[in-house]
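Here is a short report for a reader meeting this structure for the first time. It goes element by element.

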Amino acid sequence: MAEYWYYADGFEERVQEQLHNNPEAEVDLDFAIPEKDFNTAGKGSSELKNLLKRLGVDSDVLRRIAVASYEAEINVAAHSKGGVMKSAVHDDLIHVRFEDDGPGIADIEQAMIPGYSTADDLVRELGFGAGLGLPNIKKNSDAMHIVSDIGSSTLLEFFIFFG
Amino acid sequence: MNRPDSKYFHAIQILEDNCTGCTACVRVCPTEAIRVRDRKAAIDPYRCVDCGNCVSACEFHAIIPASDPLDIIHKFKYRLAIISSSFFGQFSEDISYAHAKQAVKQLGFDEVAEEASVTDFMIKMIREYIRENRDKRPILSSNCPAVVRLIQVKFPSLLPNLFHQEAPMSILTRFLREKISTEMNLPDEDIGIFLIVPCVAHVTAVHQPEGAYKHLQDGAFSTGMIYGKVREIIKDVQNNPIPIDTYPHGLTWALSGVQAELVDNEDIRALSVNGVDNVMDILSRVEDHYLDQYDYIVLRSCTNGCVGGCLNVENPFVAMSRIKKMIKEGDSADADIRELEKLYQKGEFNVSPLAPRPIMELDKDIKKAIQKMKKINEFLTMLPGLNCSACGSPTCYALAEDIVLGKATLDDCVVLKRKPTDLE
C-alpha cells in the first residue's frame, strides 16, 4: 500500500485536527462516477459548486474547489473501474473523498509529475489525459491525501478551508 | 423576504387577467425567477435577467414585452433613431435594406444611424482591450444585457472578465449626441435618441443601464412594432427612393458566430456561444478555468445572437441567412472611425465596474446558510421528486427552498395533497 500526503503551508495541524475530531458533516453530497462515462462525469462537481454557491462560499475558494473536484472526478472516470465522490461540507471547510474500485496507482510520486499520464487512447481521444489531474488538485487544495493499493483501489481526498 | 419591487426595472409585464397559471413560464426561466401562486405568475425582479424565454413560452399573451410607444419622439426637437443590426434581417427579399432604412427615417426621425456602422471600430477596440488585459482570461463579451445580468446574479466571480466598455449603440449615442449638439447648436434635452431593439433585455438596458456614467438614450422601440409601421409605408418609399448609406459588412454584429470569427486573430482565440442554456453551461466551465485557452468569448442569450431576440418577427435562422446574404452582396459606406478611436483612447467609453447581484446565497452567514440547506434537504425528502411544477415552483428543490425561505408551504405540493397516505 502506498500513501501520499500534501499540505499547503500551515495547514497540516488544522487537517490533522479535523481528521482526529472527525466531526459530523453539516451537509453531505454523494455521487456515483461510472467508468469511462464522460457524458456524466463532471456532474458531481457541478452540483457541488451549486451547493456551495447557495452557502455563500467566497468565489475564489469556490473556483479552487470546483477545479479540484472536477479534476478528481474526471480522474476516477478516466482511470478507474468507477467509484464514488463523497463531499462533506463543514462550516469552515470542505472535505471531498473519491473512492474507486481499482486498479490502483502504481507509482504515486510519478503520477504527481505534471505531464505524466497513463491514460489510454479512448481517454486521450476525448481530450483528457494530459497528465495534469493530480498536480492541479494539489495546486488548488489546502491538503491532499492519496492511499492506493495496486490491484485493489484508490482513495483520494482533499481539504479546502473557506477562510 | 420583503424586497422593494422598484429597485430593478424590467421590460416584462404580466397581465394577470390573461394568466391561467399554467407554469409554462416557470419551467423555462433560467434563473428560476418566476413562481405561480394562487394561479397567477409573478416575477422576482432580483432574479430576472430579461432573457425573454417566458415571453416566448407564454401561449396566453399574459407575459408582454414592454417597450416605448413611437409618439414619445415628438417631445424632442431633433430625433435620432439607432437601428440594431438584426433589424434588416426581418424583411423579405423584395424589400431592400436601403428602402427599409429610408422608411424608418420617414416614421418621423431627422436622422437614422446604424449599430452596424461601428462594427469595425468595435472589433478593433475589443482586440486592443484583450491585449491590454491578458491577465483576465478569457474576456467575456458584454453587449448582450441578459448575459451581463446573468453573470451578475449567477456567476459573480466572472465580473472582472467582462469587457468593461460601452456597447456599440451606446457608443454611437455618446458620439452622435455630442456631434448633433455642437453642429445644430441644440441643448441636450432637445435631442431625443432612440434605439430600435430586438429584445426586452435591450429595452431594460435603455431604462436602467448598467455601469453607464452618463445619460444615454431616451427610449427603446421594439423591432416588431417598427417593422409593422415600415410595412405600412414601404410601397410609397419604394416609389420615391432617396440615396441612403448602408453598412452591410457591419451587420455581422447581429450574428454571434460571425462576430467571433472577426475578433479571432493570430494572437486571439475566440469562441462563440448562443442560447441562454449554452451560455450558462459555458460560464460554469469558465468558472472552473476550463476555457482559459480562449482569449475572448462572444456570449449571446438568444439563438444565433441578436437575430434570435423575442421582439423580432422573423425566425432566427431565416434572418441569419438573409443577413449573411447582405454581407456577401452589399457595399458598405465608409464609416470614419478616427473620432471614435480618439474618444476610446480618452476613456470615454469606460463603464464603471459591474457589481454582483447574487441570488444563490441562502444567507450572508455561512452557518445560517448551512442550517437552511439542512432544512431544504429535509423538505426535499418529503416531496415526491416529480419536478412537475404544479405547485408553481420550477422543481421540487425550488419548492423546498421556497418553503425554507418562507415563500411557500408544504401544502402547495399538489401531489402530496392528493395522496397523503401513499407517501408515508
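Five residues are buried in α9(B): B:S256, B:V258, B:Q259, B:A260 and B:V263. This is a predicted model. The buried residues of α9(B) pack against three elements of chain B, namely α4 (119–132), β10 and β11. Helix α9 spans residues 256–263 and lies across β10 and β11 of chain B. Its direction makes an angle of about 170 degrees with β10(B).

**The sheet under α9(B)**

The strands β10 and β11 of chain B belong to an open sheet of 3 strands. The order is β7-β11-β10, and the pairing is parallel. The edges are β7 (139–140) and β10 (270–274) of chain B, and each of these pairs on one side only. Between β10(B) and β11 (residues 296–300) of chain B there are 5 bridges. One bridge puts B:N274 opposite its partner B:R300 in β11(B). Strands of a sheet pair through backbone hydrogen bonds, in either the parallel or the antiparallel sense.

**Two crossing helices in chain B**

Which way do α3(B) and α8(B) lie relative to each other? Helix α3 covers residues 97–105 of chain B, and helix α8 covers residues 223–239 of chain B. Their axes come within 8 Å and cross at roughly 110 degrees. Angles from 65 to 115 degrees count as roughly perpendicular, and α3(B) and α8(B) are therefore roughly perpendicular to each other. From α3(B), the contact uses B:H99, B:A100, B:Q102, B:A103 and B:V104. From α8(B) come B:I226, B:V230, B:I233, B:I234, B:V237 and B:Q238. By class, the residues of this contact are 8 nonpolar, 3 polar and no charged.

**Backbone exceptions**

Most residues other than glycine have a negative phi, and most peptide bonds are trans. Chain B holds exceptions of both kinds, listed here with their places.

| Residue | Backbone feature | Place in chain B |
|---|---|---|
| B:T23 | phi near 70 degrees | loop between β1 (12–14) and α1 (24–28) |
| B:E32 | phi about 50 degrees | loop between α1 and β2 (34–37) |
| B:P138 | cis bond from B:R137, omega near -10 degrees | loop between α4 and β7 |

Is B:T23 buried or exposed? B:T23 counts as buried because 21 C-beta neighbours lie inside 10 Å. B:E32 has 19 other C-beta atoms within 10 Å, so B:E32 is partly exposed. The cut-off for buried is 20 or more.

**Domains and a loop of chain B**

The domain assignment divides chain B into domain 1 (1–65), domain 2 (70–345) and domain 3 (362–424). Taken over C-alpha atoms, the centres of domain 2 and domain 3 of chain B are 42 Å apart.

B:N350 sits in the loop between α12 (338–345) and α13 (366–382) of chain B. B:N350 counts as partly exposed because it has 13 C-beta neighbours inside 10 Å. What does B:N350 contact, leaving aside its neighbours within four places in sequence? The contacts are B:H164 and B:Q165. B:L251 is 99 residues from B:N350 in sequence, and their C-alpha atoms are 24 Å apart.

**Strands of chain A**

Now to chain A. Strand β6 (residues 153–161) of chain A pairs with β4 (residues 93–100) of chain A over 7 bridges, in the antiparallel sense. Strand β5 (residues 143–149) of chain A also runs antiparallel to β6(A), joined by 7 bridges. A:F158 in β6(A) shows both pairings. A:V96 stands opposite A:F158, and A:M144 stands opposite A:F158 too. β5(A) and β6(A) form a hairpin with 3 residues between them. In the turn, A:G151 has a positive phi of about 85 degrees.

**Where the chains meet**

How many residues does each chain bring to the contact? Chain A gives 15 residues and chain B gives 17 residues. On the side of chain A, α2 (43–54) and α3 (59–79) each supply at least two residues. The largest share of that side, 6 residues, comes from α3(A). By class, the side of chain A that touches chain B has 7 nonpolar, 3 polar and 5 charged residues.

Definitions and conventions:
Residues numbered from 1 in each chain as written. Chains lettered and ligands numbered in written order. Predicted model: local features only at pLDDT ≥ 70, side-chain atom pairs only at ≥ 80, totals over all residues. Contact = placed C-beta atoms within 7 Å. Helix = DSSP H or I, 4+ residues; strand = E, 2+ residues; numbered from the N terminus. Nonpolar A, V, L, I, M, F, W, Y, C, P; charged D, E, K, R; others polar. Domains from an automatic or database assignment. Buried ≥ 20, exposed ≤ 12 C-beta atoms within 10 Å, placed from the backbone. Pairing = 2+ DSSP bridges. Axes fitted to C-alpha atoms, helices over the stretch in contact; angles between N-to-C directions. Parallel < 35°, antiparallel > 145°, perpendicular 65-115°, else oblique.
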